Amino acid sequence: MVMFCSAALFTVIFFIQVILAFVGFSLDSIDALGLAGDDGLSFFTLRNMVTFFACLGWTAFFLSVNDIHELISLVCGIAVGLFAMFLNFSVMRSLSRLNENNAFDLQATIGASATVYTPITPEKPGLVQISYGGGLHEVYARADTAIASHTPVVVTEVLGANLVLVKPL
């Protein structure tokens, strides 16, 4: 009876967590024991603890109902709970690695090829298109010489937040 009540309680808490996650409120970042790793993930999160106790409770309950000794039911419940925690942790770690930072870092474009979009003169900057990070970025460019549109260039220096120095290839 204790295992059934425990399993039912933690299952209700689990479903509340799922519903809250669907509406945008997540408890993923709560580290139950303060053991988060460098990637911000921890094996001992609130979600994993709820998963552990729900799986432990249901496993132990179903085994004891089927006339398996209570101690064996409890040990099997702990094993299943730990496995569920490990599985949940592995899935969360895999999903966190899918995060992608699409921030455009202009410094990383030094040495990258670009194409002049609007003409550049020594007195007046023009626009260049740089293919970087799977996207096409337009930035202002200066050059020591005049460069016509559609000319391939290389980025040699970053001069400002949206300004680079280029030279013809």
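## Helix packing

In this predicted model, helix H2 passes helix H3 in a right-handed crossing. The contact of H2 with H3 draws on 14 nonpolar residues, eight polar ones and one that is charged. Two packed helices are described by the angle between their axes and the distance between those axes. For H2 and H3, the angle is about 145° and the axes lie 7 Å apart.

H2 also packs against H1, and here the crossing is left-handed. The axes of H1 and H2 cross at roughly 145° and come within 8 Å. By class, the residues of the contact of H1 with H2 are 16 nonpolar, five polar and one charged. If you would like to trace this contact on screen, the H1 side includes Phe4, Phe10, Ile13, Phe14 and Gln17. Facing them from H2 are residues including Leu46, Arg47, Val50, Phe53, Trp58 and Phe61.

## A pocket among the helices

Let us turn to some empty space. Rolling a probe the size of a water molecule over the atoms shows where such space is left. The second largest pocket holds about 160 Å³. Which helices supply its lining? Helix H1 (2-22), helix H2 (46-65) and helix H3 (70-96) each give at least two residues to the lining of the second largest pocket.

The residues lining this pocket are Met1, Val2, Met3, Ala60, Phe61, Ser64, Glu70, Ser73 and Leu74. Sorted by class, the lining has six nonpolar residues, two polar ones and one charged residue. Some names will be familiar from the helix contact: Met3 of H1, together with Ala60 and Phe61 of H2, also takes part where H1 meets H2.

## The barrel

Now for the strands. Five of them make a closed barrel in the order S1-S2-S3-S5-S4, and the pairing is mixed. From one strand to the next, the twist averages 55°.

Where in the barrel is there a parallel pair? Strand S3 (residues 135-142) and strand S5 (residues 163-168) run parallel, joined by three bridges. One place to look for this pairing is arginine 142, whose bridge partner in S5 is leucine 165.

## Antiparallel neighbours

Strand S4 (residues 152-160) pairs with S5 in the antiparallel sense, over six bridges. The two strands form a hairpin, with two residues between them. Two pairs help to follow this ladder: valine 153 has proline 168 as its bridge partner in S5, while valine 158 is partnered by valine 164 of S5.

Strand S1 has antiparallel pairings with two strands. With strand S2 (residues 126-132), strand S1 (residues 113-116) shares three bridges and runs antiparallel. In this pairing, valine 116 stands opposite valine 128 of S2. S1 and S4 are likewise antiparallel, again over three bridges, and serine 113 is found opposite valine 154 in S4.

Technical notes. Residues numbered from 1 in each chain as written. Predicted model: local features only at pLDDT ≥ 70, side-chain atom pairs only at ≥ 80, totals over all residues. Heavy atoms only, no water. 1 Å grid on protein atoms, 1.4 Å probe; cavity = no way out; pocket = protein on both sides within 12 Å on 5 of 7 lines; lining within 4 Å. Points joined across faces, edges and corners; volume = space filled by probe spheres on them. Helix = DSSP H or I, 4+ residues; strand = E, 2+ residues; numbered from the N terminus. Nonpolar A, V, L, I, M, F, W, Y, C, P; charged D, E, K, R; others polar. Axes fitted to C-alpha atoms, helices over the stretch in contact; angles between N-to-C directions. Left-handed = near helix turned anticlockwise from the far one by under 90°. Contact = heavy atoms within 4.5 Å. Pairing = 2+ DSSP bridges.
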